[in-house]
Amino acid sequence: MTAYDATQQKLMRGYLRYLKLQRSMSANTLDAYRRDVEKLFSYLTAEQKQPTEVELADLQHFAAGLHDIGIGPRSQCRILSGVRSFYRYLTIDGYVEQDPSELLESPVLGEHLPEFLTPEEVDRLEDSIDLSVPEGHRNRAIIEVLFSCGLRVSELVTLCWSQLFEKERYLRITGKGAKDRLVPISERALKEIGNYLPWRQQLKIKPGEEDYIFLNRRGAHLTRTMILIMLKRQAEEAGLQKTISPHTLRHSFATALLEGGADLRVIQALLGHESIGTTEIYTHLSMQTLRQEVMMHHPRNIRHDGQTP
């Protein structure tokens, strides 16, 4: 191992420790930030530079290289955000005197409105599930909890019985930054969990997995990938043309609340967003829906043949 490799490893260990202890990041988030910095390290190794020797021009060349190898603008933004975080840490801990990433610009992104499902489409998704197969009721309960509670998929797969207060009808969720929030759970979601219980009780549950609500056939808690595969397969069965992921149901939860008249600050609290700016994307979704309704139903927009102009 070279001295340079040792330097990289030392900086990476300190950085991840800082993210975990000072910023209370989850294991999944830590892994994402680690991968971002590893991409930078690979570039710097080829350039024969240490991370502490980097200048703004080096980071600009690194960013240009991300584009050249076909990484999309949104992924570029995420990687560069991780690089900025790394250099903030190096500045705080005194490894560098001045942060070279302060003036590093990210690609300009167009406004992206996330995909969402209407309540009727969620019903179609649930109704398409074959309840005669062993996992049928479990999958239906998963979809209903995601839509009724607006959970992140990482929060769903780690959801435990000790977090469910059935009598009071709420969940205690530990979200990003190890921050707790209380989320109401609907009677329908509780009913679907109850329907899933007979199958769960027949499983041979692995030691240490007993508290997790949603389990696979082997008695272990589910992974994010398992949930994603299940939803994509179910969307095809339901004949839905939209691109669906666990996050789609989280968006659908927020959009349904906003269109039902809920206050944006309430939605922010339920979703566990640190910034109201993150939640404000749903105002754009609502306006998009309103515009579609006006175009379809207002007499000034309807032609005599029944079509919109």
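This report looks at salt bridges in the structure above, which is a predicted model.

Side chains of opposite charge can pair when their charged atoms come close. In this model, the count of salt bridges comes to 15. Three of them are set out here.

| Salt bridge | Closest N to O distance |
|---|---|
| Asp 31 and Arg 34 | 2.2 Å |
| Arg 188 and Glu 126 | 2.8 Å |
| Arg 152 and Glu 155 | 2.7 Å |

Let's start with Asp 31 and Arg 34, whose closest N and O atoms are 2.2 Å apart. Both residues sit in helix H2 (residues 27–47), and because they are 3 residues apart there, about one helical turn separates them. Asp 31 is partly exposed, at 29% relative accessibility, and Arg 34 is partly exposed as well, at 23%.

Now for a pair that bridges two helices. Arg 188 forms a salt bridge with Glu 126. Arg 188 belongs to helix H8 (residues 187–201) and Glu 126 to helix H5 (residues 119–127), so this contact ties together parts that are 62 residues apart in sequence. The partners also differ in setting: Arg 188 is partly exposed, with a relative accessible area of 36%, whereas Glu 126 is buried, at 0%.

Finally, the side chains of Arg 152 and Glu 155 meet in a salt bridge. Are these partners buried or exposed? Arg 152 is buried, with a relative accessible area of 11%, and Glu 155 is buried too, at 4%, because both values fall under the 20% cut-off.

Shared partners also link some of these contacts: Asp 31, Arg 34, Arg 35 and Glu 38 are joined by salt bridges into one network.

Technical notes
Residues are numbered from 1 along each chain as its sequence is written. This is a predicted model: local features need pLDDT of at least 70, side-chain atom pairs count only at pLDDT 80 or more; totals for chains, interfaces and linings use all residues. Side-chain values use heavy atoms; hydrogens and water are left out. A salt bridge is a side-chain nitrogen of Lys or Arg within 4 Å of a carboxyl oxygen of Asp or Glu. Helices (H or I, at least four residues) and strands (E, at least two) are DSSP runs, numbered from the N terminus. Buried means under 20% relative accessible area, exposed over 50%, partly exposed in between (1.4 Å probe, protein chains only).
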